[in-house]
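Let's walk through this model together, one stretch at a time. Keep the viewer open and follow along.

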Amino acid sequence: MKYLLPIFLFLLSCSVNQYERNMKIMTEKVKTDFENAAFDENGKIEFHDFVPVKYDTASENILYSFEIEECVKRAKHFRELSKSIFDLAKVRSDQMVLYAKAGMKTLAKIEQDKLKEGQKEIQAYADSVKHYTNRVEELNSLIEQNKNPKPLYRYFIYLKMTFTDKKGETENIRDTMMFLFNENLEFVPRY
């Protein structure tokens, strides 16, 4: 019994040390990634605060969740575009009828042509909504089928920085950002 406490403390210190090592590796990778992105843009980045907050473990299904979120946003966007074109089509239809009744055949024909263009746009937007809706269903199915998802690390960092682009224009950024890493502590792209 007296040996259990030292063993427990040893295991706890090993896990704390591993956490700190992982945190240091992820911090260095994120900082390097920002610096490389600025270099690639012929810009300059200045960090005022670069504070690692924490990391935790999630499953790879979280990637599907991020993509679902993005697909839902896009589907809503295309639905709104479709609605605005539909509303405009109602107005054009009314104008076409008025022009036809007034004997203005040329103007009525112009409105009719615009209505046909609007119908094509509405169909294209409807197809996009259907595409993203189907993708959400596929992703939900993948999440349900993935019974043993691989672990991912969600790394959070508080950044306060100034980015200067190649034209000399600056942008101040202050935000807490999240990055995903796989079990080998490599970046995982997000959607």
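Start at Phe-47 and look at what surrounds this side chain in the predicted model. Setting aside neighbours within four places in sequence, Phe-47 is in contact with Lys-31, Phe-34, Glu-35, Leu-159, Lys-160 and Met-161. Phe-47 itself belongs to strand S1, which covers residues 44-59. For a sense of scale, pick His-131 as well: it is 84 residues from Phe-47 along the chain, and the two C-alpha atoms are separated by 41 Å.

Stay with strand S1, residues 44-59, and turn to charged side chains. A search of the whole structure finds 8 salt bridges. One salt bridge pairs Lys-54 with Asp-56, with the closest N and O atoms 3.9 Å apart. That distance falls inside the 4 Å cut-off, so the pair counts. Is Lys-54 buried or exposed? The answer lies in between: with a relative accessible area of 38%, Lys-54 is partly exposed.

Next comes helix H2, residues 61-101. How far apart are its end C-alpha atoms? They are 60 Å apart, and this agrees with the 60 Å that the 41 residues of H2 should span at 1.5 Å a residue. Just after H2, Gly-103 takes a positive phi of about 80°.

Two residues of H2 are worth a closer look. Glu-67 lies in this helix and is buried, with a relative accessible area of 9%. A polar contact of 2.9 Å joins the side chain of Glu-67 to that of Arg-135. You can also compare Glu-67 with Leu-142: the pair is 75 residues apart in sequence, yet their C-alpha atoms are 12 Å apart in space. Further along H2 you will find Ser-82. Ser-82 has a relative accessible area of 16%, under the 20% limit, and therefore counts as buried. Which residues does Ser-82 touch, leaving aside its neighbours within four places in sequence? They are Ile-122 and Tyr-125.

Now move to helix H3, residues 105-145. Here Glu-111 forms a salt bridge with Arg-92, and the closest N and O atoms are 3.5 Å apart. Because Glu-111 lies in H3 and Arg-92 in H2, this pair ties together parts that are 19 residues apart in sequence. Both Glu-111 and Arg-92 are buried.

Another salt bridge has both of its partners within H3. Asp-113 and Lys-109 meet at 3.0 Å, N to O, and these two residues of H3 are 4 residues apart, about one turn of the helix. An α-helix has 3.6 residues a turn, so residues three or four places apart point the same way. Asp-113 is partly exposed at 31% relative accessibility, and Lys-109 is also partly exposed, at 42%. Elsewhere, salt bridges that share partners join Lys-54, Asp-56 and Arg-154 into one network.

Finish on the surface, with Ile-110, also a residue of H3. At 38% relative accessibility, Ile-110 counts as partly exposed. Together with Met-104 and Leu-107, Ile-110 forms a nonpolar patch on the surface, and the three share about 240 Å² of accessible area. Patches are built from residues with over 30% relative accessible area, so the 38% of Ile-110 meets that requirement.

Terms used
Residues are numbered from 1 along each chain as its sequence is written. This is a predicted model: local features need pLDDT of at least 70, side-chain atom pairs count only at pLDDT 80 or more; totals for chains, interfaces and linings use all residues. Side-chain values use heavy atoms; hydrogens and water are left out. Patches are made of residues with over 30% relative accessible area and no salt bridge: like charges are joined within 9 Å, nonpolar side chains (Val, Leu, Ile, Met, Phe, Trp, Tyr) within 5 Å. Accessible areas come from the Shrake-Rupley method with a 1.4 Å probe; for residues, only the protein chains shown count as cover. A salt bridge is a side-chain nitrogen of Lys or Arg within 4 Å of a carboxyl oxygen of Asp or Glu. Buried means under 20% relative accessible area, exposed over 50%, partly exposed in between (1.4 Å probe, protein chains only). Contact means heavy atoms within 4.5 Å. The expected span of a helix is 1.5 Å times one less than its number of residues. A polar contact is a pair of N or O atoms within 3.5 Å; within protein, one must be able to donate a hydrogen and the other to accept it, and residues adjacent in sequence count only if both atoms are side-chain atoms.
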